[in-house]
Amino acid sequence: MFADRLLPALPALFGGTLLAVVLFVPFVFHSYRRRGEVGFGPALLAFGFLVYGFALVAYTLLPLPRVDGAWCAAHTAMSHPQLDPLRFLDDISREQRAPGPLGLPANPAVQQVLFNVALFVPLGAYLRHYFRRGVVTVVLAGAAVSLLIEVTQVTGDWFLFPCPYRLFDVDDLLANGLGAGLGVLFAPLLHLVRGRSAALSPQAARPVTAGRRLLGMLVDLVAVFLLGGVLATALDLVLRYGFDLPPVGPWAHAVLDPWLPALLLLALPSFGPSGATLGQHAVRLRRTRAGGARPGARIVPALLSGGFGYCLLIGLAPFAPAAGGLAGLVLLATLILAL
């Protein structure tokens, strides 16, 4: 039983991590323009919210059985929603094995109700923390989310399956709404995790620390490889399902991922007004001369910079294995110089 409850946490953690990588660049942009920094606490809360969102889906819709005509015929009860409120009290009475209150923790029906309540406690806490809503609004929002899940279940994931494989239960709506309301009580814990807000305004100048520079470099690399992945995937889709084109060699993929994104995001921005890369824009850094004048274009140093050099060598790695090791050295040297 415990293993069954724990198993959906694995795809939730994986999905949350994957989405965090995709949203990393806009998150840094948003954080620096709202707070002037990222901060460990806000980043941890945001990551936890993503993992929780996937956990909510995983625990209510997974695992997916092999739903076919035979399965539907053997599970006809799933197609009849449970619309009798408080039926869980009868279920508790029927499942009770040991007499007295001491037997309640081992009662499967009690465990199911408590799980449905606990599942929506984080939602209530996050809604209260991020949107500053009252208890009534949070409970209604939790009930609305629960209703969306229940309708998804009763329609077989919006008719992707020939019949429902989870039961629509009105008692789940009650338990989930109660859990969201209880989550309001835990919202102060999220404030503690977030920590105190910075005393400076988001627009105030801040020290150019090594951590800030490294964060900008990380934004650059993540943006380059995300854009490269999108371009390479688009090329594969066009070749497979689009135009009748001859197959392309591995050099085309190297150009799209990561050379072209590195050129667009790391090298060419040297010609811009601030001479800053995407990552430097994200952490609000820009190059200036000693007197504050515009630095001017520096395309050669940009092409020889650590980030662009690393991407260039990574693209060469499939053709020259030694380039991969050299790319690691360039990355290490870049980190040392940043520190």
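Of the 339 residues in this chain, 35% count as buried. Keep in mind that you're looking at a predicted model. Its chain has 16 helices and zero strands, so what follows is a walk from helix to helix, with a few stops in the loops. Take the contacts between residues at least 6 apart in sequence: 72% of them join residues at least 24 apart.

Let's start with how some of the helices pack. Two packed helices are described by the angle between their axes and the distance between the axes. Find helix 7, which covers residues 108-131, and helix 10, which covers residues 170-194. They pack at an angle of about 45°, and their axes are 4 Å apart. An angle of 35 to 65 degrees falls outside the parallel and perpendicular ranges, and helix 7 and helix 10 are therefore oblique to each other. Their crossing is right-handed. As for what sits in the contact of helix 7 with helix 10, its residues divide into 14 nonpolar, seven polar and three charged.

Helix 7 has another partner in helix 6, residues 88-95. Here the axes come within 7 Å and cross at roughly 140°. On the helix 6 side, the contact is made by F88, D91, I92 and E95, and helix 7 brings P108, A109, V110 and V113. Sorted by class, that gives six nonpolar residues, no polar ones and two charged ones.

Now follow helix 10 to H191, which lies in that helix. Is H191 buried, exposed or partly exposed? With a relative accessible area of 33%, H191 is partly exposed, because that value lies between the 20% limit for buried and the 50% limit for exposed. Setting aside its neighbours within four places in sequence, H191 is in contact with H129 and R132. H191 and H129 are 62 residues apart along the chain, yet their C-alpha atoms are separated by 7.2 Å.

R132, the other contact of H191, deserves a stop too. You'll find R132 in the loop between helix 7 and helix 8 (135-154). At 55% relative accessibility, R132 counts as exposed. Its backbone is worth a look as well: phi of R132 is near 55°, a positive value in a residue other than glycine. Most residues other than glycine have a negative phi, and most peptide bonds are trans. D157 also has a phi near 55°, again positive and again in a residue other than glycine. D157 is found in helix 9, and with a relative accessible area of 11% it is buried.

Just past helix 9, there's a cross-link to look for. How many disulfides does the model have? The count comes to one, and it joins C72 to C163, with an S to S distance of 2.0 Å. C72 lies in helix 5 (residues 69-74) and C163 in the loop between helix 9 (156-159) and helix 10, so the pair ties together parts that are 91 residues apart in sequence. The link of C72 and C163 is left-handed, with -90° about the S-S bond. Both C72 and C163 are buried. Another cysteine, C311, counts as buried at 0% relative accessibility.

Back towards the start of the chain, look at the loop between helix 4 (40-61) and helix 5, where P63 lies. A cis peptide bond joins L62 and P63, with omega about 0°. Another cis bond runs from D257 to P258, with omega near 20°. P258 is found in helix 12, residues 250-267.

That brings us to helix 12 and its packing against helix 11, residues 210-241. The axes of these two come within 8 Å and cross at roughly 140°. Why are they called oblique? An angle has to be over 145 degrees to count as roughly antiparallel, and helix 11 and helix 12 are therefore oblique to each other. Helix 11 passes helix 12 in a right-handed crossing. Among the helix 11 residues in the contact are F225, L227, G228 and L231, while those of helix 12 include H253, L256, L260 and L265. D257 and P258, the pair with the cis bond, are in this contact too. By class, the contact of helix 11 with helix 12 has 15 nonpolar, three polar and three charged residues.

Note on methods:
Residues are numbered from 1 along each chain as its sequence is written. This is a predicted model: local features need pLDDT of at least 70, side-chain atom pairs count only at pLDDT 80 or more; totals for chains, interfaces and linings use all residues. Side-chain values use heavy atoms; hydrogens and water are left out. Axes are lines fitted to C-alpha atoms, for helices over the stretch in contact, and angles run from 0 to 180 degrees between N-to-C directions. Angles under 35 degrees count as roughly parallel, over 145 as roughly antiparallel, 65 to 115 as roughly perpendicular and the rest as oblique. A crossing is left-handed if the near helix is turned anticlockwise from the far one by less than a right angle, and right-handed if clockwise. Ala, Val, Leu, Ile, Met, Phe, Trp, Tyr, Cys and Pro count as nonpolar, Asp, Glu, Lys and Arg as charged, and the others, Gly among them, as polar. Contact means heavy atoms within 4.5 Å. A disulfide is a pair of cysteine sulfur atoms within 2.5 Å. Buried means under 20% relative accessible area, exposed over 50%, partly exposed in between (1.4 Å probe, protein chains only).
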